[in-house]
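Here are three short exercises on reading a protein model. Try each task before you read its solution.

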Amino acid sequence: RLEKAVLDSDYFLINKAFASSTSTSTSTFSSPFLSSTPLYTKNKYGNDTYEINIEPLTFLISDYDSAFGKDSCSSTFNPENISLYSQGVDIAVGNMSTDIEVRNEIAYITADSSSSSASDFFIIDTHDPSSPFIISSLNTGPGLSSIEVAGHYAYVSNTSSLSQLQIIDMKDRSNPYILSRLKLPLPPDFSVGSSTPPIASSIFYDKGLIYLGTSKWSGNEFSIIDVRDPSNPQYMGGFETNTLINNIYVRDGLAYLATSDIGQMRILDVHNISSNNSSSDNSSSIIQVASFSPSGYETQQGKVISYFEDKFSLGRTTGGFNIKNNHEFFIFSSTSPIVVENSKDIPGGVYGILMRPPYFYLSTRDSAKQFQIWDEYFSEIIFEKDLGFSPQATACDGNNIYFSTGDQKGIAVLEIR
């Protein structure tokens, strides 16, 4: 990944060349002055990247200002040789990793500790997955629950009621620092004696905006924050779900929420607020358009949402014990209206999803098989592996799958070749 200023001129020329090509399939065109052999090809690569072939060179191009985030891994896998590196790094006794993002084999993890003096943000070099090492760490104070990475900034959600969002500048990876903070506004009827500001639980970055989820409280559990100026984040509006939000994914003006209440996946229309440049409160522009309430919602929680090339999936917890008819994994053929294409009972629940046809890669808390590979019809397990820990979160970069281990080791790497 290059700095935006370096890419601007080349990116403009490439986009100008392909301006008339809107198809998501392979596009080709040739020079009338040379030959009939295609000179350029453009292939969709994952969610937000195109593979550009300009003979004899090949480039992967992403507009990082407008990137959808959460996807820097290969568009295909060939799981013939899988190696687990679970030795991790020491992030201190009593410290538990909570979330992970990885870009170009550099991992960024958040943590929450019982000690206020412990670091809760770590930058880790994983170029050699058998020997990862900490480049730097930072103590933000309250503890962190989740992370998004865009450009050289990390957007982290706080396990504190004092400020729910912090933005970390990582341009110098050896010396990250907190650039700015934001505390969510209190509702007009907020009473200090009877209510407590929330802690942040989930986060998503999309096109200069942060979508933040919190624990249940008397205000909005879902908030949209303008971070186009990372040094000065601005609250734009929110929506009250009356429940904990565990995960968020935003695509094409719709926000998909994994929640802990009856509507375990909710879909909010954020078209109007996401295109609004005003810094005033635009909460009335956010509308719930659909929700999904599978059986088992009384004890189970919507935990993770995944998207890959126009297909969504939802993973749930088991709720303490497994009931076979209350499935933990759902694939949707349509989300407006919500139509379930397939679902599956996954003992141990689903805490991470990677869709790469013809396989699905799941992180679970099923004892001795926390990592599973299923066929595209979910009729057969292709591979399962004992990770030796209960995965807290999952990320992907290149051909490697990364786990936030939820313990002092912080990170584990599954290398797929």
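The exercises below cover one loop residue, one strand pair and one core.

This is a predicted model: local features need pLDDT of at least 70, side-chain atom pairs count only at pLDDT 80 or more, and totals for chains, interfaces and linings use all residues. Residues are numbered from 1 along each chain as its sequence is written, and side-chain values use heavy atoms, with hydrogens and water left out.

**Exercise 1.** Find the place of Thr140, then decide: is Thr140 buried or exposed?

Step 1. Thr140 sits in the loop between strand S10 (133–138) and strand S11 (144–150). Strands are DSSP runs of E, at least two residues, numbered from the N terminus.

Step 2. Its relative accessible area is 6%, so Thr140 is buried. Buried means under 20% relative accessible area (1.4 Å probe, protein chains only).

Step 3. Its side chain makes polar contacts with the side chains of Asp120 (2.7 Å) and Gln166 (3.2 Å). A polar contact is a pair of N or O atoms within 3.5 Å, one able to donate a hydrogen and the other to accept it.

**Exercise 2.** Describe how S23 joins S24.

Step 1. In strand S23 (residues 302–308), 6 of the 7 residues are buried.

Step 2. S23 and strand S24 (residues 311–316) run antiparallel, joined by 6 bridges. Tyr307 has Phe312 in S24 as its bridge partner.

Step 3. The two strands form a hairpin with 2 residues between them. In the turn, Glu309 has a positive phi of about 45°.

**Exercise 3.** Which strand gives the most to the largest nonpolar core?

Step 1. That core has 31 residues. A nonpolar core is a set of buried Ala, Val, Leu, Ile, Met, Phe, Trp, Tyr and Cys residues joined through side-chain atoms within 4.5 Å.

Step 2. Strand S20 (residues 254–259) gives the most, with 5 residues.

Methods:
Buried means under 20% relative accessible area, exposed over 50%, partly exposed in between (1.4 Å probe, protein chains only). Helices (H or I, at least four residues) and strands (E, at least two) are DSSP runs, numbered from the N terminus. Two strands pair if DSSP finds at least two bridges between them.
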